[in-house]
Structures are given as structure tokens and as C-alpha cells.
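Take the chain from its overall layout down to single residues. Start with one term, then follow the elements in turn.

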Amino acid sequence: MSTLTVWRFPTVEGAENALDLLKQLQKQQLISIADAAYVTWPEGRKKPKTKDLGSLTGAGALGGAFWGLLFGLIFLVPLLGVAVGAAIGALTGSLSHVGIDEEFIETVRAQVTPGTSALFVMSQDTVLDRVVEPFKETGATLLNTNLSDVEEARLRDAFGESPQPEPR
């Protein structure tokens, strides 16, 4: 089962600063990162800056199209208004079939605001209870949604991605 985990940080630098911790947890085999991205939202800006990190060990499993759509739904739709919002509603509905529903989007939208940052991680085989504590020490708040194997396969299909081979 895959997990899309969102860690919200109370500072603009928090998500970027946590990358070393994420890499360390991966080396300890507490998390297997398939793909990652982060968002920083400086005070006074209308929208956040985003950065796709790939898998931190090679090519990302989902790529920029997925992160672009997800971040667009979370951060840009409220700025676009009702006309575009109706068309985007169909995309939101299609993501709910892969475990990313409107409630998840609204939760992230409400908590990742100017002056904060967030780290988005698509992972597998995560020992969540051993990962949560080190992240809490950074001041991060955990939001996450679990994806079944079927939902992950649908997500990959939707973005034209094939499963990555296991490293040997």
C-alpha cells in the first residue's frame, strides 16, 4: 500500500529543511520514497512556490504532471473562481477514485497558508510510528491519505506512468 503523506511546517523553510531528515529515514529503511515534492508559501504572496523532488534516489514515480495537478487543485482553484472551478470539479472527482478526495484537498488548503510550508511524500512500506516522532520534533503536523494498490495503479494510469522496477 502506498501512502501520500503531507507534513505541514509552521515556517516557510520547514519543508526544505526537513529533506535531510527524510533522506536519513529512507537510509534507515523506515520509509521507501516513491516520489516527493514540497511547497513553500512566503508571507505576502498570492500563491506558494512548488518543487518536485522526484524519488530523492532517481526518477520520480509520478512526475511533474501529478504534482502540478494536485497543487493546482489545492492552491490555484480558489483563485480562479467559479467558472473554472466547475471544470476543475470533475478532476477532483476523478482523484477521489485514487484516494485523494475533496476532504483531503480542503484540509491541506486550510492548513498550508502564507508563512508555512509542506512536504508531500508518496511512499511505500512506511513504518509510520517510527517516522512520525522525528518529524514532530521539527514542528511538523501530519496529514495523510492511504492509497491501496488498486488506487495507486489508477493514479499511475491517470498520469501515464508505469510502476518503477524494484532496485536490486
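A residue is called buried when its relative accessible area is under 20%, and exposed when that value is over 50%. Helix 2 puts the term to use. Within residues 19-27, the buried ones are Leu 19, Leu 21, Leu 22, Leu 25 and Gln 26. These residues sit on the same side of helix 2, because they cover an arc of only 160° around the axis. The other side of helix 2 carries Asp 20 and Lys 27, both exposed. After the helix comes Gln 29, with a positive phi near 60°.

Now step back to the whole chain. The model is predicted. The chain has 168 residues, and 44% of them count as buried. Its secondary structure amounts to 7 helices and 5 strands. Read from the N terminus, the order of elements is β-α-α-β-β-α-α-α-β-α-β-α. Contacts reach far along the sequence. Take those between residues at least 6 apart: 79% of them join residues at least 24 apart. The exposed surface of the chain is about 8700 Å², and 52% of it comes from carbon and sulfur atoms.

Strand 1 is a good place to enter the fold. How many of its residues are buried? The count is 8 of 8, so strand 1 is mostly covered by the 20% cut-off. In a regular strand, side chains alternate between the two faces of the sheet. Here both faces are covered. Ser 2, Leu 4, Val 6 and Arg 8 are buried on one side. Thr 3, Thr 5, Trp 7 and Phe 9 are buried on the other. Strand 1 pairs with strand 4 in the antiparallel sense, over 8 bridges. Within that pairing, Val 6 has Phe 120 of strand 4 as its bridge partner.

Phe 120 leads on to the nonpolar interior. The largest nonpolar core holds 21 residues. Which of them touch the most other members? They are Trp 67, Phe 75, Val 108 and Phe 120. At least two residues of this core come from each of strand 1 (2-9), strand 2, helix 3 (64-80), helix 5 (102-111) and strand 4 (116-124). Helix 3 gives the most, with 7 residues. Another core lies apart from this one. It has 20 residues, including Ala 18, Leu 19, Leu 30 and Ile 31. Leu 19 has already appeared on the buried side of helix 2.

Back to Phe 120 and its contacts, leaving out residues up to four places away in sequence. Phe 120 touches Thr 5 and Val 6, and also Asp 35, Ala 36, Ala 37 and Val 39. Trp 67, Leu 70, Phe 71, Ile 74 and Val 108 are further contacts of Phe 120.

Two other residues show how distant parts of the sequence meet. Ala 15 belongs to helix 1 (residues 14-17). Its relative accessibility is 0%, so Ala 15 counts as buried. Ala 15 and Ala 118 are 103 residues apart along the chain, yet their C-alpha atoms are separated by 5.3 Å. Beyond its neighbours within four places in sequence, Ala 15 is in contact with Phe 9, Tyr 38, Val 39, Ser 117, Ala 118 and Leu 119. Thr 40 is the other case, in strand 2 (residues 32-41). Thr 40 counts as buried because its relative accessibility is 10%. With neighbours within four places again set aside, its contacts are Val 12, Pro 48, Lys 49, Thr 116 and Ser 117.

What about charge? Side chains of opposite charge can pair when their charged atoms come close. The structure holds 1 salt bridge. The side chains of Glu 106 and Arg 109 form it, at 2.6 Å from N to O. Why are the two about one helical turn apart? Because they lie 3 residues apart in helix 5. Glu 106 has 36% relative accessibility, so it counts as partly exposed. Arg 109, at 22%, also counts as partly exposed.

Helix 6 (residues 128-136) closes the tour. Val 131, Val 132 and Phe 135 are buried there. They line one face of helix 6, because they fall within an arc of 105° seen down its axis. The face turned away from that buried side carries Asp 129 and Arg 130, which are exposed.

Key: Residues are numbered from 1 along each chain as its sequence is written. This is a predicted model: local features need pLDDT of at least 70, side-chain atom pairs count only at pLDDT 80 or more; totals for chains, interfaces and linings use all residues. Side-chain values use heavy atoms; hydrogens and water are left out. Helices (H or I, at least four residues) and strands (E, at least two) are DSSP runs, numbered from the N terminus. Buried means under 20% relative accessible area, exposed over 50%, partly exposed in between (1.4 Å probe, protein chains only). Contact means heavy atoms within 4.5 Å. The arc is that of the directions from the helix axis to the C-beta atoms. A nonpolar core is a set of buried Ala, Val, Leu, Ile, Met, Phe, Trp, Tyr and Cys residues joined through side-chain atoms within 4.5 Å. Accessible areas come from the Shrake-Rupley method with a 1.4 Å probe; for residues, only the protein chains shown count as cover. Two strands pair if DSSP finds at least two bridges between them. A salt bridge is a side-chain nitrogen of Lys or Arg within 4 Å of a carboxyl oxygen of Asp or Glu.
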